[in-house]
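Trainee: I'm new to this one and would like to look closely at a single part of it. Could you start with how far the model can be trusted and then take me through one helix and its surroundings?

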Amino acid sequence: MKQQSNTNTPKGKKAPKPNPPSGGLGYYWVYLLLFIFLMAFTFFSNPISGAKEISWTFLQDSLLTQQKVSKITVVNREFAEIFTKNQAVKDPSSTGQAPSWFSSVESAKYRITIGSVENFESKLQTAQADFSPEDKIDIQYQNRTSWISLLSWIFPIALLILFWFFILKRMGSGGPMGGSMLNIGKSTAKLVEKGTKSTVTFNDVAGLKEAKAEVMEVVDFLKHPETYTELGAKIPKGVMLVGPPGTGKTLIAKAVAGEAQVPFFSMSGSEFVEMFVGVGASRVRDLFKRAKEKTPSIIFIDEIDAVGRSRGKGGGFQSNDERENTLNQLLTELDGFGPNTGVIVLAATNRPDVLDKALLRPGRFDRHIYLELPTKEERMEIFKVHLRPLKLAKDVDVVSLAELSPGFSGADIANICNEAALIAARKKKKTVHYHDFLEARDRIVGGMERKSKIISPKEKETVAYHEAGHAVVSWYLKHVDSLVKVSIIPRGKSLGSTWYLPEERQIVTKAQFIDQMCASLGGRAAEEIVFDEISSGALDDLEKVTKQAYAMVSYYGLDKKIGPMSFYDSSGQNNQLLGKPYSEAMAELIDNEAQALIQTAYEKTKTLLLRHRNELENLAQLLLKQEVVEKDDLEKLLGKRIENKTKDNSTHDDSPLSLLNTHKP
Ligand SMILES: Nc1ncnc2c1ncn2[C@@H]1O[C@H](COP(=O)(O)OP(=O)(O)OP(=O)(O)O)[C@@H](O)[C@H]1O
Ligand SMILES: [Zn+2]
């Protein structure tokens, strides 16, 4: 089951940021302004850069001796503007006053930077030594603090500011600073001060017994450091929390801060890696500085893989310098404070395999705490925590809720509870009923029902047979998870869905893999048998099956010809783009074997469906009639299913959200 991020929980970090109120038009304004400024800038600054910078030799040899110069103006004792003869006529200002805007601007043809005025003067004298008096060139002096120089300062700055605003807006980098550009280099770490906000305690963290016990130790380090230091022990600096999304990594970090009653600075790895050069590193520096000012304290870095990916690898061909700088800064900061300074850094990731090894070295994040998806008992506990604030009807039963949500993370469960309350509220109920929870769960797994979606009768028929195909195949293959219901009500992206109660298991056998593949191919096979025509509707199924077949062959070593070999790279360090870890011949063999596996499964599926052609027909017709067929009706139509064994499980559908994650053992 794919983990749904908890977009609906108010606490969910992944809640979509509300769109800034300034809509599309706002951005065009910025473009327009930028354009105007740019035009203005080029126009006004042209005169300044329009004068060609020349060397003394050029002035002497090509201009002075050729008698081409009409006038020289020394400006601000810094540079001289050289006016040539044919221009001099046009030049109205020779008063030596601060010139009007255009005059000085239009006429200077060359400019030369002078070291000192005296030096320049004497050089001019020498150069003109044998000129006749009327040919001698007069020098004027000006001080120009005028518009031009001012504007030439202001324009680029204004431009930069605008540009920044623009980018900040685009990044939606609201954050606590509201996108103020003055704070770019400052860490946006949210500080939760002692006793004010981190009211999260271990009571709010359900399940996760081992993790809690380990983390309890960290609390003790913070509270009673003496006990450890007196014995000469070094208190660890970094603790890495590892686990799938939504398993409570952030929650547990907050609970540590809450229990220890210390300030909590949290920041997400992705916040370090922004588009401005140097910002990431300076944010790291700032974060540590602030934490050190408030010792004892906790720094929490979420999604550390965003910065901590191994250097020089991954991320395509071009190494990401900015990210590496940030990572280096982080390593330096970690080394920079002594072991007993009272700052403990917690970090969270769900990709420990991609992390740079340097991060995990002793003295850095050398402690690892693993959080796993909750078991049934733990789900019960988590449900209890999140049901606390809800007004429940009598029929809500925590045990069945836990049973019906295998593979759900803590965040998913929080999400279900909130969604159920929303559903109940929409129905104007006084309390939240069990049924609301089921509806919430279905919505989270499969997306919103879209009853109003218009589907032609012909398409509806195809979908009905497709889903009936999945259902019938699943029903008669003993290794497929048990069926809950079949539906042809569009939901999320999919037009129909087959819902399973997946078994909670850690290991998948080859037979289970194959039955699973057959169940996924059931839709396409039914279409082919019934309509003698196949459609694009099986895309998701085929994608899943193909991935599964390749995983079986090249990861799990389940193929006869290839044997027990695995090309899985748990370190995530091999760049597949640069070459596969096997020969061309092996690549071909893998392709052939994966294809053969799927082909065999497909034939098996078709045979099975042909044998149960009547059942397929009846189920499809019933689906067309009532849209949803529940387990009881399935049993009536298809006969009692030989269940493999009693299973503890939950839902599943036909969309890509479901079934096994083929990349996990
Ligand atoms: N063990 C748990 N007990 C109670 N609530 C939990 C538990 N695990 C997760 N939750 C709920 O899920 C929410 C999200 O969890 P959290 O943000 O801690 O997950 P995470 O592991 O940090 O996720 P991610 O990997 O996406 O950053 C929490 O705010 C909490 O409401
Ligand atoms: Zn399908």
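What is the mean pLDDT of the protein, and what share of its residues reach 70 or more? After that, please zoom in on helix α9.

Mentor: This is a predicted model, where local features need pLDDT of at least 70 and side-chain atom pairs count only at 80 or more, while totals for chains, interfaces and linings use all residues. Residues are numbered from 1 along each chain as its sequence is written, with chains lettered from A and ligands numbered from 1 in written order.

The mean pLDDT (the predictor's confidence in each residue, from 0 to 100) is 77, and 77% of the residues reach 70 or more. The model's ipTM is 0.94 and its pTM is 0.62. Two stretches call for care. Over residues 1–25 pLDDT stays under 50, and the model has 44 contacts there beyond four places in sequence; a contact means C-beta atoms, placed from the backbone, within 7 Å. Residues 88–105 also stay under 50, with 22 such contacts. Where pLDDT is low, predicted coordinates should not be read in detail.

Now for your helix. α9 runs over residues 249–260; helices (H or I, at least four residues) and strands (E, at least two) are DSSP runs, numbered from the N terminus. At 1.5 Å a residue, its 12 residues should span 16 Å, and the end C-alpha atoms sit 17 Å apart, which agrees. The expected span is 1.5 Å times one less than the number of residues.

Is α9 enclosed or open? 12 of its 12 residues are buried, so the rest of the structure largely encloses it. Buried means 20 or more other C-beta atoms within 10 Å of a residue's own, exposed 12 or fewer, partly exposed in between, with C-beta atoms placed from the backbone. Among the buried residues are Lys249, Thr250, Leu251 and, at the far end, Glu259 and Ala260. Just after α9, Gln261 takes a positive phi of about 55°.

Have a good look at Lys249, which is in α9. Lys249 is buried because 27 other C-beta atoms lie within 10 Å. Leaving out residues up to four places away in sequence, Lys249 touches Leu241, Gly243, Ala348 and Leu371. An unreviewed UniProt entry lists Lys249 under "binding site", together with Gly243, Pro244, Pro245, Gly246, Thr247, Gly248 and Thr250; such annotations, in the numbering used here with shortened feature names, may be inferred rather than shown by experiment. From that list, Pro245 sits in the loop between β7 (238–242) and α9. Pro245 is partly exposed, as 19 other C-beta atoms lie within 10 Å.

Beyond Gln261 comes strand β8, residues 264–268, where 4 of the 5 residues are buried, so β8 too is largely enclosed by the rest of the structure. β8 pairs with strand β9 (residues 297–302) in the parallel sense over 5 bridges, and pairing takes at least two DSSP bridges. Met267 stands opposite Ile301 in β9.

The unreviewed UniProt entry also gives His466, His470 and Asp541 as "binding site". Spread over 76 residues of sequence, they still cluster in space, with a largest C-alpha distance of 10.8 Å. His470 lies in helix α18 (residues 457–476) and is buried, with 29 other C-beta atoms within 10 Å. Asp541 is in helix α20 (residues 539–555) and counts as buried with 23 C-beta neighbours inside 10 Å. Asp541 touches Ser520, Leu521, Gly523 and Arg524, not counting residues up to four places away in sequence.

Methods. Contact = placed C-beta atoms within 7 Å.
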